[in-house]
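Hi,

Here is the structure I said I would pass on. Could you open it next to this message and follow along? My notes come right after it.

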Amino acid sequence: MKREDYPFLYETHMHTSESSKCANNTGAEMARACRDAGYAGIIITDHSWYGNCRIDRNLPWQEWVEEFCRGYENARRWGDENDFSVFFGFESCYRGPEFLIYGVDKDWLMTHPQIRDASIEEQYELVHGAGGMVIQAHPFRKEDYIEVFRQYPEWVDGLEGINATHSCHLSSHHKCADWDRQAVELARTKKLPITAGSDVHSTLIFGGGVAFKRRLTSAADYCAAILGGEDYILTDGDTWYDKNGQPLGKGADKGGTAWEIK
């Protein structure tokens, strides 16, 4: 397996300062930094209603959605002007556990206010009804802001097994590579797809994400690739893995082989 056979790397987990309280840079700044770091594209996944969201929760729903999508729209505008792919997603929060939602868009949010207060089971059904995908983000992370520590393999389409914040040498918080190992093990046990992302909040780009042999055309295309069993590889910015979470061998950039995690 050769890294060079997967030239199209996508950041699948990132935040903008327009929408996420914890983010330091705007959507346009994040898009530019990722383009300069060598990504083929990004998926903006800002914190939504019950997460660390910047948007006033007292706004009427449609006004809230309009404001919430501003970081993505600014990133998308920059991407359109600079031939760089920017797709929409969001990170939902349910009493602590967080989920990356892909394959729905702003118009869908406008007409589905019930997603805000949906249970995890209801969220899964609503997103699936729109042809989208639910990935549990960093399922084994333990932090004070995560009130309930639990995994939901029966109500997701996959697990974020590689989160660069946990292991990349550039990360300065949430550092615990064992959280990723546990997530990969659970995904294997439950036969769920594994994804990777950086969970990045500033233009200090970690380099994590999912790399494909071809260019993606949309967030829906990303969902189809993951759920359809397309070949891809994963990275935390330091180490490359196959789609089953096995590290590639030494010199993976030149074509290494996988071995079992011990």
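**What I found**

Let's start with two aromatic residues, Y10 and F87: both of them are buried. Before going on, keep in mind that this is a predicted model. The average pLDDT for the protein is 93, and 95% of the residues score at least 70. The stretch to watch is residues 250–262, where pLDDT falls below 50, although the model still gives this stretch 29 contacts beyond near neighbours in sequence. Where pLDDT is low, the predicted coordinates should not be read in detail.

**Aromatic rings**

Back to the rings. How many aromatic pairs does the structure hold? The count is 15. Y10 and F87 make one that is stacked, because their planes are at 15 degrees and the ring centres sit 6.4 Å apart. This pair links distant parts of the chain: Y10 belongs to strand β1 (residues 8–11) and F87 to strand β3 (residues 85–93), which puts them 77 residues apart.

Strand β3 comes up again in another pair, W49 with F90. This one is tilted, with 55 degrees between the planes and 5.4 Å from centre to centre. W49 is in the loop between β2 (41–47) and α2 (61–68) while F90 is in β3, so the pair ties together parts that are 41 residues apart in sequence. Like the residues I opened with, W49 and F90 are both buried. They also belong to a cluster linked by ring pairs, whose members are W49, W61, W64, F68, Y72, F88 and F90.

**The core**

F68 from that cluster is worth a click. The largest nonpolar core has 77 residues, and F68, L109, F212 and Y222 are the ones that touch the most other members. Leaving out residues up to four places away in sequence, F68 touches S19, D46, H47, S48, C53, I55, F88, F90 and L109.

Y222 takes us to helix α8 (residues 219–227), where the buried residues are A219, D221, Y222, C223, A225 and I226. At the start of α8, a side-chain oxygen of S218 comes within 3.4 Å of the backbone nitrogen of A220. After the helix comes G229, with a positive phi near 80 degrees.

**Cysteines**

How many disulfides are there? The count comes to 0. C168 is in none, as the nearest cysteine sulfur, in C34, is 13 Å away. C176 is no better placed: the closest cysteine sulfur to its own is that of C168, at 15 Å, which is too far for a bond. Is C168 buried or exposed? C168 is buried, because its relative accessible area is 0%. C176, at 24% relative accessibility, counts as partly exposed.

**Loops**

H13 lies in the loop between β1 and α1 (27–36). With 0% relative accessibility, H13 counts as buried. Beyond its neighbours within four places in sequence, H13 is in contact with a long list of residues, including I43, E91, H138, E160, N163 and D199.

D199 has a story of its own. D199 sits in the loop between β7 (194–197) and β8 (208–212), and at 5% relative accessibility it counts as buried. The phi of D199 is near 55 degrees, a positive value in a residue other than glycine. Most residues other than glycine have a negative phi. H174 also has a phi near 55 degrees, again positive and again not in a glycine; look for H174 in the loop between α6 (164–167) and α7 (177–190).

**Around α6 and α7**

S167 is in helix α6 and counts as partly exposed, because its relative accessible area is 22%. Which residues does S167 touch, leaving aside neighbours within four places in sequence? They are K175, A177, D180, D236 and D238. With D236 there is a polar contact of 2.7 Å between the side chains. For a sense of distance, the C-alpha atoms of S167 and I115 are separated by 32 Å, with their positions 52 residues apart along the chain.

Finally, E185 is found in helix α7. Its relative accessible area is 53%, so E185 is exposed. From E185 to H47, the C-alpha separation is 26 Å, and the two are 138 residues apart along the chain.

Cheers

Definitions and conventions: Residues numbered from 1 in each chain as written. Heavy atoms only, no water. pLDDT = per-residue confidence, 0-100. Contact = heavy atoms within 4.5 Å. Phe/Tyr/Trp six-rings, centres within 6.5 Å; stacked < 30°, edge-to-face > 60°. Helix = DSSP H or I, 4+ residues; strand = E, 2+ residues; numbered from the N terminus. Buried < 20%, exposed > 50% of the residue type's maximum accessible area, 1.4 Å probe, protein only. Disulfide = S-S within 2.5 Å. Core = buried A, V, L, I, M, F, W, Y, C linked by side-chain atoms within 4.5 Å. Polar contact = N/O pair within 3.5 Å; in protein donor to acceptor, adjacent residues only side chain to side chain.
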